[in-house]
Amino acid sequence: MTAEGTTERVLRLLSLLQSRLSWTATELAAELGVTDRSVRRDVERLRALGYPVHATAGVGGGYQLGAGTRLPPLLLDDDEAIATAVSLRLAAGGTVAGAGEAALRALTKLDQVMPPRLRAEVRAVHGATDTLLGPGVEIDAELLVTLARACRDAVRVRFRYAGRGGEEHERTVEPVRMVATSRRWYLMAYDVDRDDWRTFRLDRMREATATTWRFQPREHPDPVTYVQRGVTEAPYRYLSRIRLRARPEQVREVVPPQVGRVEDDRDGWCVLISGGPSLDWIVLHVALLGFEAEILDPPELRETAARLARRLTALSGMS
């Protein structure tokens, strides 16, 4: 048999071992159309490649693919590949803590090697599926894959981006990392034309294309902190700092990361940094949190709180 034929048979053997818990040599030989001796030789080839194939002698014994020190490559048939890709697409946009980023990395790898015919099947299934994930903005999985590859390979990306006023401009960026909140996806990247770091909402991107221009990664801020600052502070006219009598984790339970940033202060207290369209809006939202509060900045927020307190007192009919 040629080397190509042997390689194909060894890959087929690996696929069989991954498909169920245990096989006898006779069963494997029948599936592969070879002798038991050939099965033993192919098992040794797999072991030489680092696959931990265990053998048990006697009645009821056989071959079993064991757990190694690292995850070996998986061989998927068409149905398994489609099911895995669809699941990864859903997980990439889901709300399970920590699952979205790992699912996106796996989806990127799988999408890169998947034949076009299977990729079309995955898109058809995904396009016909809806999920109840709350009010978040849905992002095209193809955009996620394009940006994930660009981050991994350090290549520039071009896209059209809609500003807050709806006007579109072409942007060329050096992407670093995507950050997902419970409602939106963001990209932290170096804007080549503006010569500075920027945060981009993925739902405002169109026609994103990875170029062939590779870039040398720059020193950059922490992506999560940078994106959170941009989301909670930059879009708003007013920025407030308010000390709350509560542990940081208590405040984070009721204040989403895209709404406010929480910093530890002193025993039993923390500081909430958040923005708002008006001072009245900030005061009302802080009051609704239910924690004892002390206004730090801006000073005029105290006057707003006092004015609203007088109004609420008059509304209640109490003097």
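**View 1. Strands S3 and S4 pair in an antiparallel hairpin.** In this predicted model, S3 and S4 run antiparallel and are joined by 6 bridges. Pick out valine 157 as a landmark: valine 173 in S4 stands opposite. Alanine 162 has its bridge partner in S4 too, namely glutamate 168. Between the two strands of this hairpin are 5 residues, and here glycine 166 takes a positive phi near 95°. S3 is mostly covered, with 6 of its 8 residues buried.

**View 2. S3 also pairs with S7, within an open sheet of 5 strands.** S3 and S7 run antiparallel, and 5 bridges join them. Look for valine 155, which stands opposite arginine 214 in S7. Step back, and the strand order of the open sheet reads S6-S5-S4-S3-S7, with antiparallel pairing. Strand S6 (196-201) and strand S7 (205-214) are at the edges; each has a single partner strand, so one side of each is left without a neighbour in the sheet. On average, neighbouring strands of this sheet are turned by 45° against each other, direction ignored.

**View 3. Arginine 156 is a buried charged residue in strand S3.** You will find arginine 156 in strand S3. Is arginine 156 buried or exposed? With a relative accessible area of 18%, arginine 156 counts as buried, because buried means under 20%. Its side chain makes a polar contact of 3.1 Å with the side chain of glutamate 174. Leaving out residues up to four places away in sequence, arginine 156 touches a list of residues including Thr172, Val173, Pro175, Val192, Thr209, Trp213 and Phe215.

**View 4. Helix H7 lies across the sheet and supplies residues to the largest nonpolar core.** H7 lies across S3, S4, S5 and S7, and runs at about 75° to S4. The largest nonpolar core has 19 residues, of which Leu147, Met178, Leu187, Phe200, Leu202 and Met205 touch the most other members. At least two residues of this core come from each of helix H7 (141-153), strand S3 (155-162), strand S4 (168-180) and strand S5 (185-191). H7 gives the largest share, 5 residues. For a closer look at one member, take leucine 202: beyond its neighbours within four places in sequence, its contacts are Ile139, Leu143, Leu144, Leu147, Met178, Trp185, Tyr186 and Leu187. Another core of 16 residues lies apart from this one, and among its members are Val10, Trp23, Val43 and Tyr51. As a general point, nonpolar side chains in soluble globular proteins tend to be buried together.

**View 5. Alanine 154 and glutamate 207 have positive phi values without being glycines.** Alanine 154 lies in the loop between H7 and S3, and its phi is near 55°. Alanine 154 is buried, with a relative accessible area of 11%. Glutamate 207 lies in strand S7 and has a positive phi of about 55°. Unlike a buried residue, glutamate 207 is exposed, at a relative accessible area of 55%.

**View 6. Helix H2 has a buried side and exposed residues on the other side.** Which residues of helix H2 (residues 25-32) are buried? They are Ala25, Leu28, Ala29 and Leu32. These four cover an arc of only 100° around the axis, which puts them on the same side of H2. An α-helix has 3.6 residues a turn, so residues three or four places apart point the same way. Thr26 and Ala30, on the other side of H2, are exposed. Just after H2 comes glycine 33, with a positive phi near 70°.

**View 7. Arginine 261 is buried in strand S9 and contacts glutamate 263.** Arginine 261 has its place in strand S9 (residues 260-264). Its relative accessible area is 9%, so arginine 261 is buried. The side chains of arginine 261 and glutamate 263 are joined by a polar contact of 2.5 Å.

**View 8. A cis peptide bond joins aspartate 297 and proline 298.** The omega of this bond is about -5°. Proline 298 is placed in the loop between strand S11 (293-297) and helix H11 (300-316). For orientation in the whole chain, there are 11 helices and 11 strands, and 37% of the 319 residues count as buried.

Notes. Residues numbered from 1 in each chain as written. Predicted model: local features only at pLDDT ≥ 70, side-chain atom pairs only at ≥ 80, totals over all residues. Heavy atoms only, no water. Core = buried A, V, L, I, M, F, W, Y, C linked by side-chain atoms within 4.5 Å. Buried < 20%, exposed > 50% of the residue type's maximum accessible area, 1.4 Å probe, protein only. Contact = heavy atoms within 4.5 Å. Arc of directions from axis to C-beta. Polar contact = N/O pair within 3.5 Å; in protein donor to acceptor, adjacent residues only side chain to side chain. Pairing = 2+ DSSP bridges. Axes fitted to C-alpha atoms, helices over the stretch in contact; angles between N-to-C directions.
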